[in-house]
Structure formats: C-alpha cells, structure tokens
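Biologist: Could you take me on a close look at one part of this model, the second largest pocket? I'd like to hear what lines it and what sits around there.

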Amino acid sequence: MANGSQTELYLSERVVVLCTCALSFLGSSLIILTHIIWTDLRTTPRRLLVFLSVTDWLSAVSYAFGVWSVFRTDSTECVAQGAISTFSNTSSFFWTVSIAVYLYVFIVRSSQRVADSLVVFFHLVSWGVPLVITVTAVCLSKIGYDASEVSVGWCWVRIEAPDRVLWMLLTGKIWEFLAYLTLPVLYILIKRHIHRAHAALSEYRPILATRPPSQSFSSMADVKLTLIPIIFIVLRIWSTVRFILLLANSPVRQNPVLVTLHGIGNTSQGAANCVMFVFFTQPIRSRLCTVLCCCCPSCRAEAPHLDDTPQRHQARRDSRGGEEEKDGTGGVIPRPVTSETGPNR
C-alpha cells in the first residue's frame with residue numbers, strides 16, 4: 001500500500017454524504033424524542049434502540065463535521081473528529097448485535113428475566129470496549145488524517161501509521177465482520193421460532209391460520225426480521241469492499257461510485273433505523289401523525305384508531321377478557337404468538 005496515495009473527493013460526493021448525515025441526525029433524534037415523549041412505550045428493546053440511536057447520532061455529527069472541514073493534516077480537530085467517529089461507529093456495531101441477542105433470548109429462549117439481566121453486560125461491552133480501543137488509539141497517535149483511503153472525507157486511522165491495517169481492524173473492521181456473521185444467524189433463528197409457534201398454534205386452533213390479525217403479525221415480523229440484517233449489510237458492505245481493495249492496493253477503491261456508496265452507507269444507519277422502527281411501527285407512526293396534525297389523508301384516517309393512553313389499553317384488555325398483552329419488544333419485533341397467549345389482536 002502506497003503511503004502517498006490519496007482519494008480525491010468531488011463536491012457532489014461531499015454534498016451527498018452531508019445530506020445522508022443530516023437524515024441520520026434527524027432519524028436518530030426522532031427515535032430518541034419518541035422514547036422520551038411516550039413513556040408507555042419504554043420497553044427494554046426500545047431503550048436499547050435509543051442507545052444505538054445515540055451512537056448513530058454521534059456518528060452522523062462527527063462524519064458531517066469531517067466532510068465539511070476538508071481535513072488535510074493530522075490537526076487537533078481531525079484527531080478529535082476521528083476519535084468521536086471511531087468510538088460511535090464501533091459502539092454502534094456492538095449495540096446492533098446486542099439488540100439481536102436480546103431479542104433472541106427474549107423470543108427464542110422465552111426468558112425475559114435472562115434477557116433483561118444481559119442489559120448491564122451490553123452497556124459494559126458496547127460502551128467500554130469502544131472507549132478503551134479509541135483512547136488507546138489516540139494515545140498511540142493512530143487516529144488522524146487517512147487521505148479518504150478507507151473513509152469519505154472524515155478522519156480515521158492515520159494512513160502513515162506503519163501498523164494501520166491492525167488498527168483499522170481494531171477500530172472497526174473486525175467488529176463489522178463479526179456483525180456480518182452474527183446478525184443473519186440470530187434473526188434467522190428468531191424467524192424460525194416465530195414460524196414454528198404459528199404453525200403449532202394453527203395445528204390446534206385451525207381457525208386462527210386464516211385470521212387477518214395473525215397474518216398481519218406474521219407479515220410484520222417477517223418484514224422486520226428479514227430487513228434488519230439485510231439493511232445493515234447493504235449499508236456497510238461498501239466500506240468493507242474499499243478496505244479489502246486497500247489491502248490489495250487496488251486503485252478501484254478510489255472509484256467515485258464506490259466512494260459515494262461508502263459515504264451513503266456509513267452515514268445512513270440512523271435514517272434506516274428511523275424508517276424501520278418509527279415509520280414502520282404503527283403505534284409510533286400514528287402518534288406522530290396525531291401530534292403533528294398531519295395533513296396527509298391517510299395519516300388523518302389512521303390517527304382516530306390509535307390507542308394512545310394506558311387507560312385505553314386497559315379498557316381494550318378488559319373488553320376482551322384480558323387476552324391482549326402489551327408487545328414485549330415495544331414494536332421492535334411483534335410479540336410472537338403461542339398457543340398459551342393467543343394471537344395479538
């Protein structure tokens with residue numbers, strides 16, 4: 001790898017990256033605000049999602065600052081931006097996997113107590129490991145100007161560092177590779193468990209197999225469980241491709257299209273999470289339409305059907321003989337139907 005190489009960034013690439021940073025900033029902020037405003041939706045999975053959104057918020061701000069500043073040297077500002085983005089980006093990987101582990105234990109192992117007991121461990125690992133790595137990298141002068149060789153305008157591991165590959169792995173890539181492997185496996189196992197639960201329920205209560213609520217549950221669970229790992233991989237794969245090309249010393253890593261895709265992918269996680277867990281989550285979407293007095297006819301039609309208070313939830317449960325249960329995952333993943341609990345209605 002030539003130390004003197006540098007990837008030229010065009011104005012259009014910077015504008016695109018700044019736009020996606022703004023979208024992720026807004027998306028992450030919206031997830032955090034909805035969690036603060038609606039206390040009855042503060043389930044453990046949504047709290048984990050908020051911690052993930054905090055890291056995505058920090059990533060969006062730090063990336064935008066780096067792209068806007070156009071660093072050329074290992075300045076203090078460059079090192080500070082690189083340290084913040086390194087910490088937040090690495091922490092984002094850990095929180096993304098932590099949410100998947102929590103849902104696996106909660107849904108597949110059917111143990112909310114064990115799942116909740118893991119939250120402290122998630123905090124220690126998801127904040128502690130990135131902090132130790134980042135502080136060590138800064139103290140050893142490994143963070144700085146990287147000539148956009150494996151970034152898109154922001155600072156990361158110094159391109160002049162002799163052991164830069166090792167630190168690129170430690171400050172992000174190795175955790176990214178592990179997430180590629182872990183997320184699909186966990187979400188596939190969750191999907192299989194949900195499908196088996198529905199099949200078992202339909203066997204004993206065949207009428208439920210054709211009921212729209214059950215079909216609606218299966219459809220929403222399938223969509224989210226399928227899209228979560230796919231979106232993560234699609235967004236992150238471009239940075240991985242450029243890293244591999246850097247190892248191979250291939251000039252293709254400087255291709256403008258690849259650089260643009262890398263910039264969009266690394267800065268879009270907050271926006272993607274907002275779409276998945278706010279706009280694709282009916283209770284939150286409906287409440288947003290109500291609060292904002294949305295002019296969209298579909299939003300106005302949806303808002304009157306919203307059960308937005310605990311009293312309404314209780315009234316609905318009373319009217320149905322206590323059959324309805326609150327979604328234990330807070331809309332992150334619909335609650336699985338079992339023969340004991342019955343379907344969500």
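Modeller: Here's a walk through that pocket, followed by two residues from the helices that help line it. Keep in mind that this is a predicted model.

The second largest pocket holds about 190 Å³ of space. It has 13 lining residues, and the ones closest to its centre are Phe-93, Phe-94, Val-97, Ser-98 and Val-125. Three helices each put at least two residues into the lining: H3 (76–108), H4 (112–139) and H5 (164–204). H3 gives the largest share, with five residues. As for chemistry, you'd be looking at a lining of 10 nonpolar and three polar residues, with no charged ones.

Now for the helices themselves. On H4 you'll find Val-129, which has a relative accessible area of 29% and so counts as partly exposed, since it falls between the 20% and 50% cut-offs. Setting aside neighbours within four places in sequence, Val-129 is in contact with Phe-94, Leu-124 and Trp-175. Phe-94 is also one of the residues closest to the pocket centre. Val-129 and Phe-94 are 35 residues apart along the chain, yet their C-alpha atoms are separated by 9.0 Å.

Over on H3 there's Ser-91. Its relative accessible area is 0%, so Ser-91 is buried, the cut-off being under 20%. Leaving out residues up to four places away in sequence, Ser-91 touches Thr-55, Ser-126, Trp-127 and Pro-130.

How values were computed. Residues numbered from 1 in each chain as written. Predicted model: local features only at pLDDT ≥ 70, side-chain atom pairs only at ≥ 80, totals over all residues. Heavy atoms only, no water. 1 Å grid on protein atoms, 1.4 Å probe; cavity = no way out; pocket = protein on both sides within 12 Å on 5 of 7 lines; lining within 4 Å. Points joined across faces, edges and corners; volume = space filled by probe spheres on them. Helix = DSSP H or I, 4+ residues; strand = E, 2+ residues; numbered from the N terminus. Nonpolar A, V, L, I, M, F, W, Y, C, P; charged D, E, K, R; others polar. Buried < 20%, exposed > 50% of the residue type's maximum accessible area, 1.4 Å probe, protein only. Contact = heavy atoms within 4.5 Å.
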